[in-house]
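Colleague: Please take a close look at one part of this model for me, starting from a single residue and working outward, and explain each term when you first need it.

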Amino acid sequence: MTDDTVDGNFIKKSLFYNGWGAMFVLIFIFLFNIIFSLLSPVISAFILGIKIDEARQLLSTPDGTALAINLSRINHTLSFVGYMLLPALLFTVVNRSSIAEEAGFKTKIGRSEIGMSLLLTVSAFAPVNWLDGFMRNIPWPQGMNHFATKLDTIRQEATGTILDMQAPIELVVCLIIVALLPALFEEFLFRGIFLNIYKGFSGSGSLAVVNQAIIFAVLHFSFYELPGILLMGIAFGVVAAATGTILYGIIIHFLFNSTAVVLHYISHEYFRQTGVSGAFDSIDIPAYIALLSAIPFIYSLVWFKRRRKEIANV
């Protein structure tokens, strides 16, 4: 194994696979987040042919109309692309690398890896959902609980309007916005750019996996969901480090997010027919189910770790 290769991923010598590179990307994530929080409503208003003040009013207090829903979806997409994709693309330019190099798109896809990716996806649902419920049931101090609830409310209000689906075509739109785009852009940023950066200057694949997962979890701004997101960030990182590509992570990420979107759609349709709200939005997972599901989840991660050693020895 040459000095330019760490845990199966090609890392070319570069000034930016170090702490400065990580700082560069983080600064532009927050900078573009601010810029696009201001620009996205303006662009969204222009696209829909409405006044900027009206757009801002509907974004702050959505009224459930088709205009408010479409505005929220367009605004979210523009903002997400701005602070999640553009910093990653900017890094590849400054770093003089390419999207294919950072993402490992030249790696050959294996059927066994796809199969284990599916197993990891299915087995992750119960542990992640149990962790979410566990965090919500902890008697946190009043100040911390207020902060966590406020973050949760902001997150739910933002996604609630986006996921207000009235027809199957809207389900497709939401699958693209909430499942596909995050799978593509987040995997490229965290399991592509950040994982390569941390492997480049730490020399440790395991440390790189943990570091990128922490950033991934923190930038979701959800206190209650933090452990579950961290767990999935580590899982995505293990898969990417083992295979040298983000392609399997994209598959897992898309399927995981798609499940939440589809369940929300089914719940919404169930409400329209029965008047019962939130029937499938939140599913309480017993601890024993989460524990049983953790077995194939851990097995799939161990399989990928062993696969990394097999690739390294070839």
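Modeller: Phe105 lies in the loop between α4 and α5, where the helix names follow DSSP runs numbered from the N terminus (H or I runs of at least four residues for helices, E runs of at least two for strands). The model is a predicted one, in which local features need pLDDT of at least 70 and side-chain atom pairs count only at pLDDT 80 or more, while totals for chains, interfaces and linings use all residues. Residues are numbered from 1 along each chain as its sequence is written, and side-chain values use heavy atoms, with hydrogens and water left out.

How far is Phe105 covered by the rest of the protein? Phe105 counts as partly exposed because its relative accessibility is 36%, a value between the two cut-offs, since buried means under 20% relative accessible area and exposed means over 50% (1.4 Å probe, protein chains only). If you look from Phe105 toward Val262, you will find the two residues 157 apart along the chain, with 28 Å between their C-alpha atoms.

From this loop, you can follow the chain into helix α5, which covers residues 111-137, and look there at a charged contact. Asp132 and Arg136 make a salt bridge whose closest N and O atoms are 3.0 Å apart, the rule being that a side-chain nitrogen of Lys or Arg lies within 4 Å of a carboxyl oxygen of Asp or Glu. Because Asp132 and Arg136 are 4 residues apart in α5, about one helical turn separates them. Arg136 itself counts as partly exposed, because its relative accessibility is 32%.

Arg136 also has another partner, for its side chain meets that of Asp152 in a salt bridge with an N to O distance of 2.9 Å. This pair joins distant parts of the chain, with Arg136 in helix α5 and Asp152 in helix α6 (residues 142-162), 16 residues apart. Asp152 counts as buried because its relative accessibility is 9%. Taken together, Asp132, Arg136 and Asp152 are linked in a network of salt bridges, and the count for the model comes to 5 salt bridges by the distance rule.

Another of these contacts takes us to helix α7, where Glu187 forms a salt bridge with Arg191 and the closest N and O atoms are 2.7 Å apart. What separates Glu187 from Arg191 along the helix? Being 4 residues apart in α7, they are separated by about one helical turn. Here both partners can be checked against the cut-offs: Glu187 is buried because its relative accessible area is 0%, and Arg191 counts as buried because its relative accessibility is 1%.

Helix α7 also holds Phe190, a residue that is buried because its relative accessible area is 1%. Between the C-alpha atoms of Phe190 and Phe236 there are 9.2 Å in space, although their positions lie 46 residues apart in sequence. In helix α8 you can turn to Ala213, which is buried because its relative accessible area is 0%. Ala213 and Trp20 are 193 residues apart in sequence, and their C-alpha atoms are 18 Å apart.

To finish, let us return to loops and look at the backbone. Most residues other than glycine have a negative phi, and with that in mind two residues deserve a look. Arg96 has a positive phi, near 60 degrees, in a residue other than glycine, and its place is the loop between α3 (66-95) and α4 (99-103). Arg96 is exposed, because its relative accessible area is 71%.

Phe221 likewise has a positive phi, of about 50 degrees, although it is not a glycine. Where does Phe221 lie? Phe221 is placed in the loop between α8 and α9 (226-243). With 42% relative accessibility, Phe221 therefore counts as partly exposed.
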